[in-house]
Amino acid sequence: KDPQGGSSVFAQVFNQLMKAVTNPRDLAGYNRFFQVTFEGEGSMDCGGPYHDAISDMSEELMSSALPMFIPCPNGRSQAGINREKFVLNPAATSAHHLEMFRSCGLLFALAFHLKEILNINVADTVWKQLTSEEVTIDDLADIDVYFGQFISMIRDILKTGPQSANQPLSDLVGELYFDCLLSDSTTRVELKPSGATTLVTWENAEEFVELYVNARLEESRA
């Protein structure tokens, strides 16, 4: 595991490439976007080492070797469908991480222009952002079954209402506050000012659901 990604093949390639290329179109007419020499192996890059490096970068991105992508919630909990999918890491927000995401975007663009195959298994919540499509609550529920169940439960309870006069909402759902745990199960954000101390009640529960869903949909938006 390399939290900063500095020793990865991905970092070695893009530390050099980012200095030379700012637009993938600069490589129009080339059949590859770098050459590879594996230290100590003496290999000439006739294509084999190059494709090995592409494969290595894909594997690094879909693993804990780099901090940009993490297994989706279903994958970590071993529940629901799409357990093999990866999502953007909402905790990767430092300037260094953002530069790595820029390098990742350049990798995707170069692969598209040069028709390279990347073994990248990311969720629809990621692909749809890349193709400017709307990410929906169903897309999120497909990779986080417990999120979908939680939102459905709250909405069903709000439709039914209290079971007795003056029954607090917390009797049915437990104490909830206006904060949200993101898809890494570690990063917690407030949904509004002082949200961590604002109790969810019958009166503000609809607002809570809307803010909660929006926070999860927007957590990794560029």
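A111 is found in helix α4, which covers residues 95–114, and this placement, like everything below, comes from a predicted model. With a relative accessible area of 6%, A111 is buried, because a residue counts as buried when that value is under 20%. A111 and I54 are 57 residues apart in sequence, and their C-alpha atoms are 9.4 Å apart in space.

**Overall architecture**

- The secondary structure of the protein comes to nine helices and four strands, and when these elements are read along the sequence they follow the pattern α-α-β-α-β-α-α-α-α-α-β-β-α.
- The protein has 222 residues, and buried residues make up 44% of them.

**Salt bridges**

- Side chains of opposite charge can pair when their charged atoms come close.
- In this structure the count comes to six salt bridges, and the bullets below look at some of them.
- Within helix α4, the helix that also holds A111, R102 forms a salt bridge with E99, and the closest N and O atoms of the two side chains are 3.5 Å apart.
- R102 and E99 are three residues apart in helix α4, which is about one turn of the helix.
- R102 counts as partly exposed because its relative accessibility is 45%, and E99, at 40% relative accessibility, is likewise counted as partly exposed.
- A second salt bridge joins the side chains of K128 and D139, with a distance of 2.9 Å from N to O.
- This pair links distant parts of the chain, since K128 belongs to helix α5 and D139 to helix α6 (residues 137–143), with their positions 11 residues apart in the numbering.
- K128 has a relative accessible area of 19% and is therefore buried, given that the cut-off for this class is under 20%, while D139 counts as buried at 9% relative accessibility.
- E219 forms a salt bridge with R216, the closest N and O atoms being 2.8 Å apart.
- Salt bridges that share partners join D144, R216 and E219 into one network.
- Of the residues in that network, E219 counts as buried at 17% relative accessibility, and R216 counts as buried at 5%.

**Negative charge on the surface**

- Which residues gather in a patch of negative charge on the surface? They are D124, E133, D138 and D142.
- D124 has its place in helix α5, which covers residues 124–130, and K128 of the salt bridge with D139 is in helix α5 as well.
- D124 counts as partly exposed, because its relative accessibility is 45% and therefore lies between the limit for buried residues, under 20%, and the limit for exposed residues, over 50%.

**Aromatic side chains**

- The structure holds eight aromatic pairs.
- In one of these pairs, the rings of F150 and F208 have their centres 6.4 Å apart and their planes at 90 degrees, so the pair is described as edge-to-face, a class that requires an angle over 60 degrees.
- F150 lies in helix α7 (residues 145–160) and F208 lies in helix α9 (residues 205–218), so this pair ties together parts of the protein that are 58 residues apart in sequence.
- Are F150 and F208 buried or exposed? Both F150 and F208 are buried.
- F150 and F208 also belong to one aromatic cluster, which they form together with F147, F178 and Y212.

Notes:
Residues are numbered from 1 along each chain as its sequence is written. This is a predicted model: local features need pLDDT of at least 70, side-chain atom pairs count only at pLDDT 80 or more; totals for chains, interfaces and linings use all residues. Side-chain values use heavy atoms; hydrogens and water are left out. Patches are made of residues with over 30% relative accessible area and no salt bridge: like charges are joined within 9 Å, nonpolar side chains (Val, Leu, Ile, Met, Phe, Trp, Tyr) within 5 Å. Accessible areas come from the Shrake-Rupley method with a 1.4 Å probe; for residues, only the protein chains shown count as cover. A salt bridge is a side-chain nitrogen of Lys or Arg within 4 Å of a carboxyl oxygen of Asp or Glu. Lys and Arg count as positive and Asp and Glu as negative; His and the chain ends are not counted. The place of a charge is taken as NZ of Lys, CZ of Arg, CG of Asp or CD of Glu. Helices (H or I, at least four residues) and strands (E, at least two) are DSSP runs, numbered from the N terminus. Buried means under 20% relative accessible area, exposed over 50%, partly exposed in between (1.4 Å probe, protein chains only). Rings of Phe, Tyr and Trp (its six-membered ring) pair if their centres lie within 6.5 Å; planes under 30 degrees apart count as stacked, over 60 as edge-to-face and the rest as tilted.
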